Amino acid sequence: MRLSFVDIANFRKLRSVRIDFAKDKTVLVGANNSGKSSAMVAMRYFLVDKQRSKFSLNDFTLSHWPAIDAMGNAWEEARRAEQTLPRPNWETVVPAIDLWLEVKDDEVHYVQKILPTLDWNGGLLGVRLKFEPRDATALQEEFLAKRAAAVAVHAAAMGTAKQKASIKGEAGEQALPALWPRSLTDFLRRELTKKFSVQAYILDPSRIGDAPDAQVLPGDIDPIEGDPFEGLIRVDDIPAQRGFGQSDSIGSDGDSDGAIATRKLSSQLRGYYKKHLDPTTNTPETDDLVALKAIESAQAAFDDRLGASFSRPLEELQTIGYPGVTDPNISVSTRLSPLDALKHDAAVQYVVKMMRGKEQVDLRLPEDSNGLGYQNLISMIFRLMSFRDAWMRVGKADQDPGQSFIPPLHLVLVEEPEAYLHTQVQQVFIRKAYEVLRNHGDLKGNERLQTQLVVSTHSSHLALECEFGSLRYFRRRPAKDNEVPCCRVVNLTDVFGKDAATKRFVTRYLNVTHCDLLFADAAVFIEGPAERILIPHFVRHHEEFESLSESYITWLELGGSHAHRLRKLIEKLGLTTLIITDLDAMDQAGNAARPLRNAGQKTRNQTLKSWCPEKDSLDDLLDLADQGKVKEYEDEEFAVRVAYQCPTMVRFNGLSGEALANTLEDALVFQNTALFAATGGQGLMAKFRAAVAESETLEALGEKVADALRLGGKAELALDLLELEDPRALVPPEYIREGLAWLVVELRKNQEALGTIAPVKASDTEAQEEADGRAS
């Protein structure tokens, strides 16, 4: 048995999403504010905290608030018109989660409570948990009563205010504050947890669709009595807010699993000890007798010492007539408990080994003195161990009369484990976490008892340690039809299909480069090390690209010969992408050549040929309009643009002509001939200076620059250009400027659609276009 997928509806940004679960571990990734945390919170609220509701009105998808208020207004209008009240319709607006379990036919004894029909013989079983009114009719009547009372009070106050104003001869009406409840949403802000609760319903497996569109429940369906997953799933949770560096309350004695969920290791050990190890429980074992004898002996010795110590004060009490003949005597005794030894911050200590002369000594520091990273790592690993042992009923937990058998499925939620952890430690955690959860003799190779780990993260280092089959990408979707932005979840399991070679290349490339592609707002593919140095330099120092510095952009140094291999991944992610690459001209014999018009030349660049713009003729590429360099994915609402060396009109030695560059370096020379002529330096800087000085025509300049580039030194040239006193003096080549300008516009459009910035007014757009024209 395992959890196959969940559908979450109407919860924050998750208006309607499906999250497929991997067999062992599922890792939720995506850019900031994409919905990962909302998914984890939804699962926590419905599965972990369902007995103590933590829902608030803010957990309802914002775009449903107008519909809720409209429903309340319709009730009021019907009451004023003395008509029959409309039936409350909460089905499409309340938060809900559908859980679909994959169950074998011989596991039917676990799932009797959630069987849809008696002839079920294995497969998927679904349960909907829905946060809905306990009594919709009673809620409706109470809202209308409260609303009528507020309106009546407000009307009376307005009449009194007008009367006073007329006596004083004042003109106009006085503004009075609106009284609660102003609307149905205002009513729910205060009354939600009193009027709503989580109810469970059985779903029909025959009505599962490919899309996460929730099944419409029959009007006469009754909720399941009790917890539908009791004895079926154990759910444990490590939230993101773990509060390291703060002191725990010493009062907690670890009475419940909640104590194990505290942030301090000493508190976790205390809870673990009481649940699994404490020999003073009602059912001690044979091995506990030695410990109990030691406790009894220590308690007797301590009682003797206390009796001797308090003998004089007690004798002094007798001098005031107490105790009398009929009064009981006073004695002092102790009650030793092993659990008391763990009720302080220094119960857990860290040992630091040092040499004192030739002797090694151990120095001990309290738990708070250790680094936050190690505190977090040790705490999380111990909590995973505690979850596992509580599930498997290790030690004293096996004597709990409330547990008749072990649930067959253990679901563990871990939110943002990377906090405070160094990158290597993050990678170790995700590799070892699932092993820790399965490290029990009865779990190894046991298909009957399954563990599924769900992790949300912002760490590319952690995500890239996992196979693509474990990754679920949360993609932000723009607002439509007056709704708020939402998201959808992309399963990356089959992103490369059966193309094992491409999958292997992409996996290795992303790991080697520690690429944060899965968390970026946009991607920029660049050709080589010189571009990797200079293009971010252009972004930082040229005002027209300033907004790019404020965006989360991942820079991938991947030439045109390989960039196309990430095409499937980019398309699956729906990520706005700019590919800055080289023209890579070749002659008819297939040899590298300087670009020439009408010479039958083609490009060697696989990205230009197979992805965008899907052309190989050099003449076609040179004449291609800007729009032809953009590949629009309208259904997925994103675009990919390619930028390569384009014809540039240059004035050189008093003459104007068309310059055809083949690489970044010769494009830089054509765009900055005066700069290179006046700048000293070594290597390519010196050769380019000489080429400018010795050439009479653009053709000659191009040949000399091409000859100089054959000897290498491109990265050194880029580093030399970084040392220019005025970084703005270096003008970006035209094709790079056009590509970056396109990216600026695309990211702004995306931000406007996602509601992170206000749309630009028409007047502002015209002013910006005028400024761009002046900059050009």
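What follows is a walk through this predicted model, from its overall make-up to individual side chains.

Let us start with the whole chain. The protein has 776 residues, and 45% of them count as buried. Its secondary structure consists of 23 helices and 22 strands. To see how the chain comes together, look at the contacts with a separation of 6 or more: residues 24 or more positions apart account for 71% of them.

A good place to look at one element in detail is helix 22, which runs over residues 734-754. This helix has 21 residues and covers 30 Å from its first C-alpha to its last, close to the 30 Å expected at 1.5 Å a residue. Several of its residues are buried, among them Y735, I736, L740, W742, L743, V744, L747 and L754. The buried set also takes in charged residues, including R737, E738 and E746, and G739 is buried as well. Just past the end of helix 22 comes G755, whose phi is positive, at about 80 degrees.

Now turn to a single histidine, H410, in strand 10 (residues 409-415). Is H410 buried or exposed? Its relative accessible area is 0%, so H410 is buried, the cut-off being under 20%. The side chain of H410 has a polar contact of 2.8 Å with the side chain of D236. D236 is also one of the residues that H410 touches once those up to four places away in sequence are set aside. The others in that list are R234, F387, R388, W391, L437, Q450, T451 and Q452.

Charged side chains are the next stop. Side chains of opposite charge can pair when their charged atoms come close. How many salt bridges does a search of the whole structure find? The search finds 42 of them. One of the pairs is E465 with R431, whose side chains meet at 3.0 Å, N to O. These two residues are 34 residues apart and link distant parts of the chain: E465 lies in the loop between helix 11 (460-463) and strand 12 (471-477), while R431 belongs to helix 10 (residues 423-437). Both partners are partly exposed, E465 with a relative accessible area of 26% and R431 at 40%.

Two further salt bridges join residues with nearby numbers. The side chains of R710 and D707 come together at 2.2 Å, N to O. Here R710 is exposed, at 62% relative accessible area, whereas D707 counts as partly exposed at 45%. In the other pair, D726 forms a salt bridge with R728, and their closest N and O atoms are 3.6 Å apart. D726 counts as partly exposed at 36% relative accessibility, while R728 reaches 57% and counts as exposed. Salt bridges can also join into a wider arrangement: E91, D98, R128, K130 and E132 are linked in a network of them.

Aromatic rings give another view of the fold. The structure holds 20 aromatic pairs. Take F46 and F55: their ring centres are 5.1 Å apart and their planes stand at 65 degrees, so this pair is edge-to-face. Both rings belong to buried residues, F46 at 0% relative accessibility and F55 at 4%. W180 and F187 also form an aromatic pair, but this one is stacked, with 5.7 Å from centre to centre and 20 degrees between the planes. Its two members sit in unlike surroundings: W180 is partly exposed, with a relative accessible area of 23%, and F187 is buried at 0%.

These four residues can be placed in a wider setting. F46, F55, W180 and F187 are among the members of one aromatic cluster. The cluster also includes F11, Y45, F60, W75, W90, F131, F143 and F196.

Finally, some rings have a charge for company. The charged end of R565 sits over the ring of F505, at 4.2 Å from the centre of that ring. K629 has a similar placement with Y644, its charged end lying over the tyrosine ring at 5.0 Å from the centre.

Note on methods. Residues numbered from 1 in each chain as written. Predicted model: local features only at pLDDT ≥ 70, side-chain atom pairs only at ≥ 80, totals over all residues. Heavy atoms only, no water. Helix = DSSP H or I, 4+ residues; strand = E, 2+ residues; numbered from the N terminus. Expected span 1.5 Å × (residues − 1). Buried < 20%, exposed > 50% of the residue type's maximum accessible area, 1.4 Å probe, protein only. Polar contact = N/O pair within 3.5 Å; in protein donor to acceptor, adjacent residues only side chain to side chain. Contact = heavy atoms within 4.5 Å. Salt bridge = Lys/Arg side-chain N within 4 Å of Asp/Glu carboxyl O. Phe/Tyr/Trp six-rings, centres within 6.5 Å; stacked < 30°, edge-to-face > 60°. Lys NZ or Arg CZ within 6 Å of the ring centre and 35° of its normal.
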